[in-house]
Amino acid sequence: MINILVGSNWGDEGKGKMTDYFAKNADIVVRFQGGNNAGHTIINKYGKFALHLLPSGIFYENVVNILGPGVAFNLSAFIEELDYIKSNINFTPKILISDRAQVLMPYHVLLDVYEEERLGKKQFGSTKSGIAPFYSEKYQKTGIQVSDLYDDKILSEKIDTSIEIKNILFANLYKKPTIDKNEFIPELIENFKKIKPYICNTTKFLNDSIKSGKNIILEGQLGALRDPDNGIYPFSTSSSTLAGFSTVGAGIPIKKINTITTVVKSYSSCVGAGPFVTELFGEEGNELRKRGGDNGEYGAKTGRPRRVGWLDLVATKYGCLLQGATEIALTLIDVLSYLEKIPVCCEYKIDEELTKDFPVTNKLYNAKPVYKYLKGWKCDISNIREYNDLPKEAKTYIEFIEKFIDIDIKWISNGPKRENIIMK
């Protein structure tokens, strides 16, 4: 059984909690793309954690957590995160790292920082984690795979090729100091020694696991609208965030997929730049941000205040379509309990024309939300565990979303903790 768990919108939908919830019945959880540029927040008996590279099955002793070949693997960030998790749990987690994963290098981070600085007001809202330069180099075929770390000669030659071009950029475009490989290779080698026990052929491991009937979760980072091909380009990430890419990034056959659980947030939020049609400002936005999530809407990676807005069903339906959702997990519905009436965007008005189709990025700047208003329930619903026990107004809200998207909502998250889940 293989379930892909992905986001419907800009990220920040609550995928970490849902993966953590599903992982209790899983044998394996796989990260298939992205790096330490975003975070999944999880609250459990050990405390509150923001995961960046580690898969969200890390808090279950029986689960094997895999970083697949599609991941941007930052060795130092991985070691720091793993050490922190190990210091807060009472067991040694099971982790495997693909020998085909590529290594995010220190100069990728520098390039990311310098380029955003150069762009100034035109920057893309990068987390400055080196992700765009990393994937650029990967597709230029000059990147470094984890397997290259076993051979000092190959590693040194590849780094020489890479930094020759980068030093020209550092000196002449960015007016920054050049880099010397001898400044970071010793730390790279030392970190490699620490992660060596985790490295293996994860593609073989996963495909053998499929044959033996293991339950596997493929965990996506960010959401459909951050996909570089189908999202709000150029305000996207640099790897595909879609379920269709998961089999590539994990190294398994597409025909083995059983379900695609797409996470939809009960309102909208995002970190980073780009058009955001239902965005709220002023006191209205501050109130929703303050009430959102566990301690408000702030990025798990950056700590930046998230941009917030009302639920955008035009964007959400498009995102679920891209993901090929077979079921929906609706999250953070408890956050809306303070509202007398709840706006839901069901259409865009663009140049005096109404549309329910999500447009290309440049048209989004002129899009105005057209709202329908649903009655709020004005009571705490976080302790409810059965769907029929929800107030009728909350059920109306859920069923309105379900009908609009035309995909079954199977799971409802009504609080930040692991146990705050209703199965519909």
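This is a guided tour of a predicted model, with a suggestion at each stop for what to select and a short account of what is there.

**The whole chain**

Begin with the whole chain in view, and colour it by secondary structure so that its twelve helices and 20 strands can be told apart. Along the principal axes, the C-alpha atoms fill a box of roughly 65 × 50 × 40 Å. A compact globule of 424 residues would have a radius of gyration near 22 Å, and the chain agrees with this because its own value is 22 Å. If you then colour by accessibility, 59% of the 424 residues of the chain count as buried.

**Helix α1 and the pair beside it in your selection**

Next, select residues 15-22, which make up helix α1, and look at how well they are covered: eight of the eight residues in this helix are buried. Among them are the charged residues K15, K17 and D20, together with M18, Y21 and F22. Keep K15 selected and add E13, since the side chains of these two residues meet in a salt bridge, with 2.8 Å from N to O. Are the two partners buried or exposed? E13 counts as buried because its relative accessibility is 1%, and K15 counts as buried too, because its relative accessibility is 3%.

**Helix α5**

This salt bridge is one of 17 that are counted in the model, and another can be found by selecting E157 and K153, whose side chains meet at 2.7 Å from N to O. Both residues lie in helix α5 (residues 152-172), where they are four residues apart, or about one turn of the helix. An α-helix has 3.6 residues a turn, so residues three or four places apart point the same way. Here the accessibility of each partner is worth checking: E157 is partly exposed, with a relative accessible area of 42%, whereas K153 counts as exposed at 59%.

**Helix α9 and the loop before it**

Now move to helix α9 (282-291), and select R291 and E287, which both lie in this helix and are four residues apart, about one turn. Their side chains meet in a salt bridge with 2.6 Å from N to O. How does the cover of each residue compare with the cut-off for burial? R291 is partly exposed, with a relative accessible area of 40%, while E287 counts as buried because its 18% is under the 20% limit. If you add K290 to the selection, you will have a network of salt bridges that links E287, K290 and R291.

From here, step back to E279, which lies in the loop between β12 (268-270) and α9. E279 also counts as buried, at 18% relative accessibility. Then select D312 as well, and draw a distance between the two C-alpha atoms: E279 and D312 are 33 residues apart in sequence and 9.6 Å apart in space.

**The positive surface patch**

For the last stop, show the surface and select K317, K356, K372 and K403, which form a positive surface patch. One of these residues, K356, can be placed in the loop between β17 (353-355) and α11 (361-364). With a relative accessible area of 51%, K356 is exposed, because the limit for that class is over 50%.

Key. Residues numbered from 1 in each chain as written. Predicted model: local features only at pLDDT ≥ 70, side-chain atom pairs only at ≥ 80, totals over all residues. Heavy atoms only, no water. Patch = residues over 30% accessible without salt bridge, like charges linked within 9 Å, V, L, I, M, F, W, Y side chains within 5 Å. Areas by Shrake-Rupley, 256 points an atom, 1.4 Å probe, with all protein chains shown as cover. Salt bridge = Lys/Arg side-chain N within 4 Å of Asp/Glu carboxyl O. Lys, Arg positive; Asp, Glu negative; His and termini not counted. Charge placed at Lys NZ, Arg CZ, Asp CG, Glu CD. Helix = DSSP H or I, 4+ residues; strand = E, 2+ residues; numbered from the N terminus. Buried < 20%, exposed > 50% of the residue type's maximum accessible area, 1.4 Å probe, protein only. Rg over C-alpha atoms; globule rule 2.2 N^0.38 Å.
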